Amino acid sequence: MVMPIGSTLKELFRDYRFVCAFIVLLFLVALALLSFFSPYDPTIWYYAPRDLPPSSKHILGTCSRGQDVFWQATFAIRNSLIISAVAGVFSRIIAVAVGLVAGYRGGRTDRFLMFISDGFLVIPLFLIIVMLAMLIRDKMTIFTTGLLLAVFGWAWDARVIRSQVLSLREREFTKTAVLSGTGTMELVFKEYMPYITPLAFSTLINNMSWAIGMEMTLSIVGLTNMDIPTLGTTLKWALNYQAILMRRWYWLSTPVVLSVFLFIALYWLSVSISEYLDPRTRVQRVGGE
Amino acid sequence: MFVRKYLIPRLLQYFLVIFLGITIVFFIPRLAPTNPVERTIAEIRSRGTYLDPAHIQAMVDALTEMYGLSGSWLQQYKDFWVRLFHGDFGVSFFQFPTPVIRLIKNALPWTVGLLLTTTILSWVFGNVVGGMAGYAHNKRWSKVLDALMMFVRPIPYYVFALSLLILFGYVFRKFPIGGGATIGRQPSWTLSYILDVLRHAFLPALSMVVLGAASWFQTTKLIVQNVKSEDFVQYAQLGGIKEGKIMFRYVIRNAMLPQITNLALSLGQILSGALITEIVFSYPGLGHLLFSAISTGDYNLIMGIISLSIVAITTLVLIVDLIYPLFDPRIRYK
């Protein structure tokens with residue numbers, strides 16, 4: 001499982017899904033980076049004529065708020081990616097901490113932490129997030145949206161990490177390390193982390209995808225800051241101005257198509273990585289086809 | 001033995017989860033930086049209404065009382081539970097003075113109908129087709145289906161529902177794009193009314209069934225592929241049992257068992273998905289009610305919807321867990 005990065009990448013690039021996803025993601029990240037060179041400020045309205053169809057000056061047209069759809073979309077991708085990265089990284093920290101402590105300490109601590117994470121799994125989290133978002137609506141920034149999602153996005157992955165730690169704890173090398181006087185901290189960080197890092201990474205991708213979708217949903221119900229362009233708020237503005245009825249497809253479909261590409265690319269990446277990590281399916285892939 | 005070893009710990013867990021969930025719901029508005037009363041007043045002011053200080057004080061008092069925020073936290077907490085047991089969530093703010101519970105009661109049948117039908121349909125459909133695809137995983141149709149699912153599976157409920165809405169509502173205008181029945185029709189048990197309801201439910205249900213089935217399809221397919229390589233399958237094949245019988249009676253049946261547990265675990269997410277889908281299609285269920293509650297800042301209604309959902313979902317999970325032994329002959333809790 002613990003392998004040098006070079007050969008890992010080589011193996012991953014043999015999977016067509018990984019290659020496709022990687023290219024799409026590169027393209028989307030490039031779009032996001034393009035936002036730094038935008039000629040327009042995304043928070044200003046009516047800098048361009050309203051509702052222009054696509055042309056050479058505005059390649060995806062302009063929206064009813066007098067903004068360039070293409071440049072607005074670059075900001076949207078950038079902000080959505082930042083939100084999902086914040087949510088993903090912070091929830092990974094919680095998930096790894098909970099998984100490690102629960103798995104390593106076992107006993108009552110384990111039961112308590114798993115009870116909490118079970119509760120998080122069962123309760124319809126969307127509703128709890130909505131309620132919290134309602135109360136901090138004025139203070140919603142990219143960062144707080146990410147943090148809010150991070151608080152709720154760790155439960156399942158903590159379970160996955162815990163079961164990995166449970167099996168590591170039973171292995172021979174743990175006993176050797178403990179008997180030879182390795183401290184708990186050193187054992188966990190030096191010996192366990194190489195096993196847990198790939199797990200944290202593959203769950204990170206799924207979590208980012210979830211966060212992007214959740215941000216879109218929160219924006220649609222009007223609970224994020226509508227002045228910050230994200231995939232969700234861009235879509236919400238299009239819907240608010242009746243882009244469906246007015247048939248302004250270039251405006252409406254830009255966030256939808258971009259987000260669909262993003263979701264599919266992230267998913268393919270995670271499937272490809274987790275199949276690589278799980279030797280059972282790997283054998284099937286190599287041996288079966 | 002069943003009662004002591006399994007039922008009692010499970011019931012204990014059930015009550016603990018409800019307790020935890022409701023307690024979180026109770027504390028969120030109280031720990032958040034702004035409380036509902038301040039928010040409501042700020043919203044009224046932002047609409048440009050002039051209020052003199054005496055009126056504001058009167059409103060603060062009235063709202064504090066209405067949201068159950070008067071008295072010490074301990075007192076409020078006790079009241080909260082007492083009211084919950086009586087199904088009393090106070091009065092709604094956006095349809096003043098209708099009690100929250102009545103609004104929920106009107107919306108509930110729509111959500112329950114949509115949720116139950118789509119959950120069962122997608123579970124059965126996804127598992128059976130996924131099982132067959134996993135059993136025949138080298139066949140062309142299985143690979144085509146699998147590739148298709150790779151595109152459908154990652155799309156979140158909202159985006160998928162919206163795409164269906166645009167596609168069917170505006171491009172091929174076959175189905176109504178909003179509401180639960182034609183506006184102004186009296187509910188009745190006539191055939192034409194039922195057909196009308198079904199026609200309205202078609203798109204929301206389709207979007208939930210496709211997304212749900214895609215996820216069941218993929219997990220079952222993986223499980224079946226693994227079960228298929230086990231010794232007993234080979235033994236059955238050597239023994240000359242018909243392929244169809246091996247597939248359904250032995251392999252798929254084995255693979256479906258863990259999916260029952262997974263169903264219990266994902267019910268909360270499915271409910272969230274149903275609420276979101278309802279918002280897209282303005283389906284008159286709890287999701288739509290939630291949307292109105294959010295747009296008008298109706299805290300009592302939101303608290304009502306959340307508390308009720310928590311109790312309903314945990315109860316459903318408990319039921320699924322308790323009937324599990326009926327499906328798995330290996331577990332008899334002896």
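Me: In which sense, left-handed or right-handed, does helix 9 of chain A pass helix 10 of chain A?

Reply: This is a predicted model, and in it helix 9 of chain A makes a right-handed crossing with helix 10 of chain A.

Me: What else is used to describe such a pair?

Reply: In general, two packed helices are described by the angle between their axes and by the distance between those axes. Here helix 9 of chain A and helix 10 (residues 231–240) of chain A pack at about 35°, and their axes are 7 Å apart.

Me: Which residues make the contact?

Reply: Helix 9 of chain A contributes Ile212(A), Glu215(A), Met216(A), Leu218(A), Ser219(A) and Ile220(A). From helix 10 of chain A come Leu231(A), Gly232(A), Thr233(A), Leu235(A) and Lys236(A). By type, the residues of this contact between helix 9 and helix 10 of chain A are 6 nonpolar, 3 polar and 2 charged.

Me: How many helices and strands does chain A have?

Reply: Chain A has 12 helices and 0 strands. Of its 289 residues, 44% are buried. Among contacts in chain A with a separation of 6 or more, 70% join residues 24 or more positions apart.

Me: How many residues does each chain bring to the contact of chain A with chain B?

Reply: The size of an interface is often given as the accessible area lost when the parts come together. Here there is a residue count: 36 from chain A and 42 from chain B. On the side of chain A that touches chain B, helix 5 of chain A gives the most, with 9 residues. That side of chain A divides into 27 nonpolar, 7 polar and 2 charged residues.

Key:
Residues are numbered from 1 along each chain as its sequence is written. Chains are lettered from A and ligands numbered from 1 in the order in which they are written. This is a predicted model: local features need pLDDT of at least 70, side-chain atom pairs count only at pLDDT 80 or more; totals for chains, interfaces and linings use all residues. Two residues are in contact if their C-beta atoms, placed from the backbone, lie within 7 Å. Helices (H or I, at least four residues) and strands (E, at least two) are DSSP runs, numbered from the N terminus. Ala, Val, Leu, Ile, Met, Phe, Trp, Tyr, Cys and Pro count as nonpolar, Asp, Glu, Lys and Arg as charged, and the others, Gly among them, as polar. A residue is buried if 20 or more other C-beta atoms lie within 10 Å of its own, exposed if 12 or fewer, and partly exposed in between; C-beta atoms are placed from the backbone. Axes are lines fitted to C-alpha atoms, for helices over the stretch in contact, and angles run from 0 to 180 degrees between N-to-C directions. A crossing is left-handed if the near helix is turned anticlockwise from the far one by less than a right angle, and right-handed if clockwise.
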